[in-house]
Amino acid sequence: MLLSINIANATSTINSSIRGTSVRQETIEEKIRSIFPSSIEDTMLAIARCESNLNAKARNLTKKEDSRGIFQVNITAHPQYDPVKLYEVDYNLLAAFDLWMKNGTNPWYNCLNKVAPSNAAIIGN
(Lines give C-alpha, C1' and ligand atoms only; values in the text may rest on other atoms or scores of the structure.)
Protein backbone atom coordinates (compact mmCIF):
# COMPACT_ATOMS: atom_id res chain seq x y z
CA MET A 1 0.00 0.00 0.00
CA LEU A 2 1.42 3.31 -1.03
CA LEU A 3 0.35 6.79 -0.12
CA SER A 4 1.00 9.23 -2.89
CA ILE A 5 -0.05 12.82 -2.70
CA ASN A 6 0.98 15.11 -5.47
CA ILE A 7 1.02 18.22 -3.28
CA ALA A 8 4.47 19.81 -3.27
CA ASN A 9 3.89 21.91 -0.15
CA ALA A 10 2.58 18.99 1.87
CA THR A 11 5.41 16.66 0.99
CA SER A 12 8.14 19.23 1.48
CA THR A 13 6.72 20.36 4.82
CA ILE A 14 6.22 16.88 6.19
CA ASN A 15 9.33 15.47 4.52
CA SER A 16 11.49 15.09 7.63
CA SER A 17 10.30 11.87 9.24
CA ILE A 18 11.39 11.10 12.79
CA ARG A 19 11.27 7.34 13.13
CA GLY A 20 11.58 5.44 16.35
CA THR A 21 11.64 8.53 18.54
CA SER A 22 9.08 10.56 20.37
CA VAL A 23 7.94 13.67 18.61
CA ARG A 24 7.12 16.67 20.78
CA GLN A 25 3.49 17.76 20.68
CA GLU A 26 4.66 21.24 19.65
CA THR A 27 6.34 19.71 16.60
CA ILE A 28 3.20 17.78 15.71
CA GLU A 29 1.12 20.95 16.09
CA GLU A 30 3.54 22.83 13.84
CA LYS A 31 3.34 20.09 11.22
CA ILE A 32 -0.46 20.06 11.29
CA ARG A 33 -0.53 23.85 10.94
CA SER A 34 1.93 23.73 8.06
CA ILE A 35 0.20 21.05 6.00
CA PHE A 36 -3.41 22.28 6.21
CA PRO A 37 -4.57 25.65 4.84
CA SER A 38 -4.83 28.40 7.45
CA SER A 39 -8.62 28.46 7.07
CA ILE A 40 -8.91 24.91 8.47
CA GLU A 41 -5.71 24.39 10.50
CA ASP A 42 -7.28 25.21 13.90
CA THR A 43 -10.16 22.84 13.23
CA MET A 44 -7.83 20.05 12.10
CA LEU A 45 -5.60 20.55 15.13
CA ALA A 46 -8.66 20.32 17.40
CA ILE A 47 -9.76 17.17 15.58
CA ALA A 48 -6.31 15.58 16.04
CA ARG A 49 -6.38 16.42 19.75
CA CYS A 50 -9.85 14.91 20.04
CA GLU A 51 -8.92 11.78 18.09
CA SER A 52 -5.61 10.92 19.76
CA ASN A 53 -4.43 13.75 22.01
CA LEU A 54 -1.66 14.05 19.39
CA ASN A 55 -0.43 10.55 20.24
CA ALA A 56 1.19 8.99 17.18
CA LYS A 57 0.85 5.50 18.69
CA ALA A 58 -2.88 5.81 19.49
CA ARG A 59 -5.11 2.98 18.31
CA ASN A 60 -8.85 2.38 18.48
CA LEU A 61 -9.66 -1.22 17.68
CA THR A 62 -13.30 -2.31 17.72
CA LYS A 63 -15.48 -4.65 15.69
CA LYS A 64 -16.25 -1.76 13.33
CA GLU A 65 -12.91 -0.02 13.04
CA ASP A 66 -9.15 -0.14 13.37
CA SER A 67 -8.06 3.48 13.63
CA ARG A 68 -4.43 4.47 14.03
CA GLY A 69 -2.18 7.40 14.76
CA ILE A 70 -2.70 11.09 15.30
CA PHE A 71 -5.75 11.46 13.08
CA GLN A 72 -7.02 7.93 13.85
CA VAL A 73 -7.14 6.89 10.20
CA ASN A 74 -9.46 3.90 9.99
CA ILE A 75 -7.80 1.18 7.93
CA THR A 76 -11.08 -0.72 7.65
CA ALA A 77 -12.64 2.23 5.82
CA HIS A 78 -9.40 3.35 4.15
CA PRO A 79 -7.32 0.27 3.26
CA GLN A 80 -5.24 2.28 0.80
CA TYR A 81 -2.98 3.42 3.66
CA ASP A 82 -0.21 1.32 5.14
CA PRO A 83 -1.44 0.24 8.61
CA VAL A 84 2.06 0.17 10.13
CA LYS A 85 3.15 3.51 8.68
CA LEU A 86 0.01 5.18 10.06
CA TYR A 87 1.85 5.19 13.40
CA GLU A 88 4.53 7.42 11.85
CA VAL A 89 3.77 11.10 12.36
CA ASP A 90 4.54 12.27 8.85
CA TYR A 91 2.76 9.43 7.09
CA ASN A 92 -0.34 9.84 9.27
CA LEU A 93 -0.47 13.58 8.59
CA LEU A 94 -0.13 13.01 4.86
CA ALA A 95 -2.88 10.38 4.98
CA ALA A 96 -5.10 12.81 6.91
CA PHE A 97 -4.35 15.54 4.38
CA ASP A 98 -5.19 13.16 1.54
CA LEU A 99 -8.48 12.21 3.24
CA TRP A 100 -9.31 15.86 3.85
CA MET A 101 -8.60 16.76 0.21
CA LYS A 102 -10.98 14.01 -0.94
CA ASN A 103 -13.63 14.08 1.81
CA GLY A 104 -13.29 17.32 3.75
CA THR A 105 -13.78 16.78 7.48
CA ASN A 106 -16.30 13.93 7.00
CA PRO A 107 -13.88 11.20 8.20
CA TRP A 108 -13.72 12.99 11.58
CA TYR A 109 -17.39 13.88 11.91
CA ASN A 110 -17.71 12.66 15.51
CA CYS A 111 -14.78 14.70 16.78
CA LEU A 112 -15.78 17.69 14.69
CA ASN A 113 -19.16 17.65 16.45
CA LYS A 114 -17.35 17.71 19.81
CA VAL A 115 -14.76 20.39 19.06
CA ALA A 116 -16.65 22.66 16.68
CA PRO A 117 -20.37 21.79 16.59
CA SER A 118 -21.18 24.95 14.63
CA ASN A 119 -18.70 23.80 11.96
CA ALA A 120 -19.92 20.20 11.76
CA ALA A 121 -21.09 20.83 8.21
CA ILE A 122 -17.55 21.60 6.99
CA ILE A 123 -17.10 18.96 4.35
CA GLY A 124 -15.05 20.56 1.64
CA ASN A 125 -11.52 21.75 1.35
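1. Let me start with W100. In this predicted model, W100 is buried, with a relative accessible area of 4%. That is well inside the cut-off, since buried means under 20% relative accessible area. The residue sits in helix α4, which spans residues 89-103.

2. What does W100 pair with in an edge-to-face manner? A search of the whole structure turns up 5 aromatic pairs, and one of them joins F36 and W100. Their centres are 5.7 Å apart, with 80° between the planes, and planes over 60 degrees apart count as edge-to-face. I like this pair for where its members come from: F36 belongs to the loop between α2 (25-35) and α3 (41-52), W100 to helix α4, and 64 residues separate them, so the pair links distant parts of the chain. F36 is buried too, at a relative accessible area of 3%.

3. W100 has a second ring partner, F97. Here the centres lie 5.8 Å apart and the planes stand at 40°, so this pair is tilted. In contrast to the F36 pair, this one is local: F97 and W100 are 3 residues apart in helix α4, which puts about one helical turn between them. F97 counts as buried as well, with 5% relative accessibility.

4. Zooming out a little, which residues make up the aromatic cluster? F36, F71, F97, W100 and W108 form one cluster. So when you look at W100 on screen, it is worth displaying those other rings along with it.

5. Now the sheet. There are 3 strands in an open arrangement, ordered β1-β2-β3, and the pairing is antiparallel. β1 (59-61) and β3 (73-74) are at the edges, and each has a single partner strand, so one side of each lacks a neighbour in the sheet. Between β1 and β2 (residues 66-68) there are 3 bridges, and these two strands run antiparallel. For a residue to orient by, take R59, which stands opposite R68 in β2.

6. Two loop residues deserve a look at their backbone. As background, most residues other than glycine have a negative phi. L54, in the loop between α3 and β1, has a positive phi, near 60°, and is not a glycine. Is L54 buried or exposed? It counts as buried, at 4% relative accessibility.

7. The other one is Q72, again a non-glycine residue with a positive phi, this time about 50°. Q72 is found in the loop between β2 and β3. With a relative accessible area of 9%, Q72 is buried.

8. Finally, the chain as a whole. How many helices and strands does the protein chain have? The tally is 5 helices and 3 strands, and from the N terminus the elements follow the order α-α-α-β-β-β-α-α. The chain has 125 residues, 45% of which count as buried. Taking the contacts between residues at least 6 apart in sequence, 47% join residues at least 24 apart; the F36 and W100 pair, 64 residues apart, spans distant parts of the chain as well. The accessible surface comes to about 6,800 Å², with 49% of it belonging to carbon and sulfur atoms.

Conventions. Residues are numbered from 1 along each chain as its sequence is written. This is a predicted model: local features need pLDDT of at least 70, side-chain atom pairs count only at pLDDT 80 or more; totals for chains, interfaces and linings use all residues. Side-chain values use heavy atoms; hydrogens and water are left out. Two strands pair if DSSP finds at least two bridges between them. Helices (H or I, at least four residues) and strands (E, at least two) are DSSP runs, numbered from the N terminus. Rings of Phe, Tyr and Trp (its six-membered ring) pair if their centres lie within 6.5 Å; planes under 30 degrees apart count as stacked, over 60 as edge-to-face and the rest as tilted. Buried means under 20% relative accessible area, exposed over 50%, partly exposed in between (1.4 Å probe, protein chains only). Contact means heavy atoms within 4.5 Å. Accessible areas come from the Shrake-Rupley method with a 1.4 Å probe; for residues, only the protein chains shown count as cover.
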